[in-house]
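Student: Please take one residue of this model and examine its surroundings closely. After that, please place it beside other parts of the chain.

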Amino acid sequence: MRLNAGVVRTSIRRMLGSEESRRFRSVEAAYQKLVTRRTGAVSYSQFGEDRLLRALFSEPVGTYVDIGAGEPASGSNTFLFYRSGWSGFLVDPVSRYQRWSGAVRPLDRFELAICSRTLGAQDFYEFEQAQFSTTDSARARELVTAGRKLARSYQVRSLAIADLPVECSPTDACFFSIDVEGAEMSVLESVNWERTRPGAICVEELVFRVDEPSEVGRYLSARGYRLEGRVGLSSIYVHDDSGRGIRAV
């Protein structure tokens, strides 16, 4: 019988009380390890993005930068790579994701923050379904209008990708995953493109047209990237100098 994650978490909270208690955190960490220790998974991503990325990167080890990382396994574009030997940087402002990732992905470095070209504290809108959380106030209003429930808003630390100790060239086994609910350009503009040029960038684009390059597409094209694939809400851009392309999925 398959466990329902939401039901189990609710039961844990009722039994153990505050999320800040040591007992709650230890049980929560054990649960996260249990539900993510599966084998033969086809994909952990929401729409199969990790399988397309795997078609681009077959190397046994490499580095990723996962912005808006979310849960350590479910819906993750990088957990499949972690399981195969990769490691990297996870950036997300939701504190429970930091706890879960520490238990499930101890080799990764987790930054409790948002990623932006603007440093310092910024407003963050956390929804009950945390994958919809955003720093974009207009996007937050859209979600509330659409029926999503805002859990709370607060200020969070902001960092730039340029602040992370990661250097790569297009031919290296390195990619970015960006899922930030409308703040993609701010993330991309925080990169030092002379020092860090990943072979591919998987980015969620909520506004996208097949017949017209997006703002993200135009920005990346000017830096040597081409649109290689589109799955669900995510676009996968590949650097022209990477020597990579999606041949099979």
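Tutor: Arg-195 counts as partly exposed, because its relative accessibility is 23%; in this scheme buried means under 20% relative accessible area, exposed means over 50%, and partly exposed lies in between (1.4 Å probe, protein chains only). The model is predicted, so local features need pLDDT of at least 70 and side-chain atom pairs count only at pLDDT 80 or more, whereas totals for chains, interfaces and linings use all residues. Residues are numbered from 1 along each chain as its sequence is written, and side-chain values use heavy atoms, with hydrogens and water left out.

Arg-195 is located in the loop between α7 (184–188) and β9; helices (H or I, at least four residues) and strands (E, at least two) are DSSP runs, numbered from the N terminus. Leaving aside residues up to four places away in sequence, Arg-195 touches Ala-162, Leu-164, Val-166, Glu-167 and Cys-168, a contact being heavy atoms within 4.5 Å. Ala-162 is 33 residues from Arg-195 along the chain, and their C-alpha atoms are separated by 8.3 Å. The side chain of Arg-195 also has polar contacts, defined as pairs of N or O atoms within 3.5 Å; within protein, one atom must be able to donate a hydrogen and the other to accept it, and residues adjacent in sequence count only if both atoms are side-chain atoms. One partner is the backbone oxygen of Val-166, reached at 3.2 Å; another is the backbone oxygen of Leu-164, which lies 3.5 Å from a polar atom of the Arg-195 side chain.

The loop between α7 and β9 also holds Glu-189. The side chain of Glu-189 meets that of Arg-117 in a salt bridge at 2.5 Å, N to O, the term denoting a side-chain nitrogen of Lys or Arg within 4 Å of a carboxyl oxygen of Asp or Glu. Because Arg-117 belongs to the loop between β4 (114–115) and β5 (122–127), the pair ties together parts that are 72 residues apart in sequence. Glu-189 is partly exposed, its relative accessible area being 35%.

The structure holds 13 salt bridges. One of them joins Arg-244 to Glu-59, with the closest N and O atoms 2.8 Å apart. This pair links distant parts of the chain, since Arg-244 is in the segment after β11 and Glu-59 in the loop between α3 and β1 (63–67), 185 residues apart. Arg-244 is buried at a relative accessible area of 11%, while Glu-59, at 24%, is partly exposed. Another salt bridge joins the side chains of Arg-152 and Glu-126 at 3.4 Å, N to O. Here the linked parts are strand β6 (residues 150–156), with Arg-152, and strand β5, with Glu-126, 26 residues apart. Glu-126 counts as buried at 4% relative accessibility, whereas Arg-152 is partly exposed at 41%. Arg-96 is linked with Glu-126 and Arg-152 in a network of salt bridges.

Asp-108 offers a further case of a charged residue in a loop, here the one between α5 (95–104) and β3 (109–112). Asp-108 has a relative accessible area of 10% and is therefore buried. Its side chain makes a polar contact of 2.8 Å with the side chain of Arg-105, and also reaches the backbone nitrogen of Gly-88 at 2.8 Å. Apart from residues up to four places away in sequence, Asp-108 touches Tyr-64, Tyr-82, Ser-87, Gly-88 and Leu-90.

Strand β9, which follows the loop of Arg-195, is also among the packing partners of helix α3. In α3 (residues 49–56), the buried residues are Glu-49, Asp-50, Leu-52, Leu-53 and Leu-56. Viewed down the axis of α3, these buried residues fall within an arc of 160°, so they line one face of the helix; the arc is that of the directions from the helix axis to the C-beta atoms. They pack against α4 (79–84), β8 (174–178), β9, β10 (225–231) and β11 (234–239).

For the chain as a whole, there are 8 helices and 11 strands, and 49% of the 249 residues count as buried. Among contacts between residues at least 6 apart in sequence, 68% join residues at least 24 apart.
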